[in-house]
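Subject: Structure for your review

Dear colleague,

Please find below the structure I agreed to pass on to you. I would be grateful if you could read the notes that come after it with the coordinates open.

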Amino acid sequence: MIHHDAAPSRRTRFMNALAARITARGVQPADFTAPPEPSGLGASARGQQVLDGHFLVGGRIVQLPQGTSPWDRPMPDRALRNGMHGFEWLDHLAALGNRAARRTAQDWTAQWIARFGRGSGPGWSPALAGQRLRRWTGHALLLMSDGKAPARDDAFLRALAHHTAFVARRWDAAAPGQPRLEALTGLLLAALSLQGMAGHVPAAKAALVRECRARIDANGAIPSRNPQELLDILVLLTTAARALEDAGRMVELAITEAIEHIAITLRTLRHADGALPRFHGADSATEGLLDRTLAESAIRAPSRDGRAMGYGRLTGGRSTLIVDAAPPPLGPGSERAHASTLAFELVSNRRAVIVNCGAGAPFGADWERASRATASHSTLALDGLSSARMGVTRRGSAPLGDGPRTIGAELEREPSHTAFLLSHDGYVASHGLTHLRRLDLSRDGRALVGEDTLVALAPDDKHRLERVLARAGDHGIGYAIRFHLHPQARAEPDPAGTGATITLQSGEVWALRFEGPARLSLEPSVYLEAAALRPRATMQITLSAAVRDYTSQIAWTLAKTADTPLALRDIGRDDALALPPL
């Protein structure tokens, strides 16, 4: 999926359309020398949903009566347009692979070419054209008619040549990062696999090298800190590298190093259930995509100190904890960033226990803004205030304009446990308060000990806090520590209000206990994932308290009190293909 943080300017759209029309003139069909291997990993269940007329694309649900064309459907939503015109659905039809899927894939592709192939329509951006090139070349055997419809095949091959010429002309107009890599990877695949296009290979390779050096740092991190975007980039780079190797061409060192560094980062961020953490716009990737891509990279171990791209990882037994331990992206390019500093997720075996709410963009602007707030993450938040604040630009996007600048993150290793000692100054400017957090996971993964403290450290901070407390009166400054639960985790508070019991669908039981001046409550929450028709209802455990002095502290523990029954083998799948219903 392409992540566009801002709509292209009117001039960029005009130049793209002009280039699409110019490059369509006199173009000749370009046959294959050898089609590359498919680079997309689809799901056959999703492919069946496409055939049934109810399917997910661009993070949106498409409802299409059988026998109708998707190109007749209004697409006012930009994410939906990008997903449809980027041919996301083609991967799933290819995974299904039956006669109906093949016929639908060929018909929809031919209809797109007939309607938009001369350069009209909303799909002529370099990134979307690169996506189509990547998928059309990778699924060429599915899309070609085996000589049964020569005119349709001729139009398809002509469209491939047109796309190659367009992307070669306009790839540098794509936004830096993933969109530009989409354009360049598609161009490279087409140049390597189509007759007469090899002349584009050197320029595409050189641009790919420059983009790797500019956008991926030596530790395998990207500016957005979005784990899913990083995975998407790794898929593109491994696809490009494999195509170069298959063609007998050298893969430049900058590309192989970027693949290695990204793979180490993603290994570090991989939860025990095989998923990536839900921070800064990340959502659930296609089932198996992360593991397949990591296997291709040949990287088998995470970073030695459990840190990558500003996140920290604790492991014990079969439990993983991942915490956001760096400042959020701020300013331009942070339109999808979250105020999630010091939030964590906990997975036991193959079951998520504590999560963040996720990315709300698929459900509209209100959900997107709410999902980025600190209260939508499993951490401490002052009442009504996030640790990072959102601004508004002229185009309606909301970058983070103010937030934590100084983050403390120290790793402590002992024979019996591993701990992170964390802090951030996101509330110092407004309240004079620093948030300190200790997360301590036992070696066997059965106990997580936490401690959250709000404290005024410097004299200036104490003076600022005194002024805020004077305005707050007897109520003090309210705050809450939130533990958002996965929808498959069921929670029940203790009758005495001293804790709560969390039961996973596998039969595991975890107990939350706390010490300090707090009140425990069980409140509604949501679990946001693009693969669902609407936000999924879940619960959150909340420890509420108030600051009335220079320091307020709450200690808590999460301990496993019952394992999965021995007669059960929990593999984390609740339906045949582990896909949530639409």
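The notes below go through salt bridges, one helix and two individual residues.

Please bear in mind that this is a predicted model.

Salt bridges

The structure contains 22 salt bridges. One of them joins the side chains of D107 and R152, with an N to O distance of 3.0 Å. D107 belongs to helix 5 (residues 99-116) and R152 to helix 8 (residues 150-170), so this pair ties together parts that lie 45 residues apart in sequence. D107 is partly exposed at 27% relative accessibility, and R152 is also partly exposed, at 33%.

A second example is found within a single helix. The side chains of E296 and R292 form a salt bridge at 3.9 Å, N to O. Both residues lie in helix 13 (residues 289-297), where they are four residues apart, or about one turn of the helix. E296 has a relative accessible area of 40% and is therefore partly exposed; R292, with 27%, is partly exposed as well.

The third pair connects two strands. The side chains of D452 and R437 meet in a salt bridge of 2.7 Å, N to O. D452 is in strand 14 (residues 447-455) and R437 is in strand 13 (residues 433-442), so the bridge ties together parts that are 15 residues apart in sequence. Are these two partners buried or exposed? D452 is buried, because its relative accessible area is 1% and the cut-off for burial is under 20%. R437 is likewise buried, at 2% relative accessibility. In addition, R446, E508, K560 and D563 are joined into one network by salt bridges that share partners.

Helix 12

How does the span of helix 12 (residues 253-269) agree with what its 17 residues should give? At 1.5 Å a residue, the helix should span 24 Å, and its end C-alpha atoms are indeed 24 Å apart, so the two values agree. Several of its residues are buried, including A254, I255, A258, I259, I262 and A263. Towards the end of the numbering, T265, L266, R267, T268 and L269 are also among the buried residues of helix 12. The elements that cover these buried residues include helix 10 (201-215), helix 11 (227-246) and helix 13. Strand 3 (307-308), strand 4 (311-316) and strand 5 (319-324) are also part of that cover.

R135

R135 is located in helix 6 (residues 126-138). With a relative accessible area of 6%, R135 is buried. What does the side chain of R135 reach? It comes to 2.7 Å from the backbone oxygen of G86. Leaving aside residues up to four places away in sequence, R135 touches G86, F87, E88, L90 and D91.

T498

T498 sits in the loop between strand 16 (489-493) and strand 17 (499-504). Its relative accessible area is 42%, so T498 counts as partly exposed. Apart from residues up to four places away in sequence, T498 touches L512, R513 and F514. T498 and S521 are 23 residues apart in sequence, and their C-alpha atoms are 9.9 Å apart in space.

With kind regards

Conventions. Residues are numbered from 1 along each chain as its sequence is written. This is a predicted model: local features need pLDDT of at least 70, side-chain atom pairs count only at pLDDT 80 or more; totals for chains, interfaces and linings use all residues. Side-chain values use heavy atoms; hydrogens and water are left out. Helices (H or I, at least four residues) and strands (E, at least two) are DSSP runs, numbered from the N terminus. Buried means under 20% relative accessible area, exposed over 50%, partly exposed in between (1.4 Å probe, protein chains only). Contact means heavy atoms within 4.5 Å. A salt bridge is a side-chain nitrogen of Lys or Arg within 4 Å of a carboxyl oxygen of Asp or Glu. The expected span of a helix is 1.5 Å times one less than its number of residues. A polar contact is a pair of N or O atoms within 3.5 Å; within protein, one must be able to donate a hydrogen and the other to accept it, and residues adjacent in sequence count only if both atoms are side-chain atoms.
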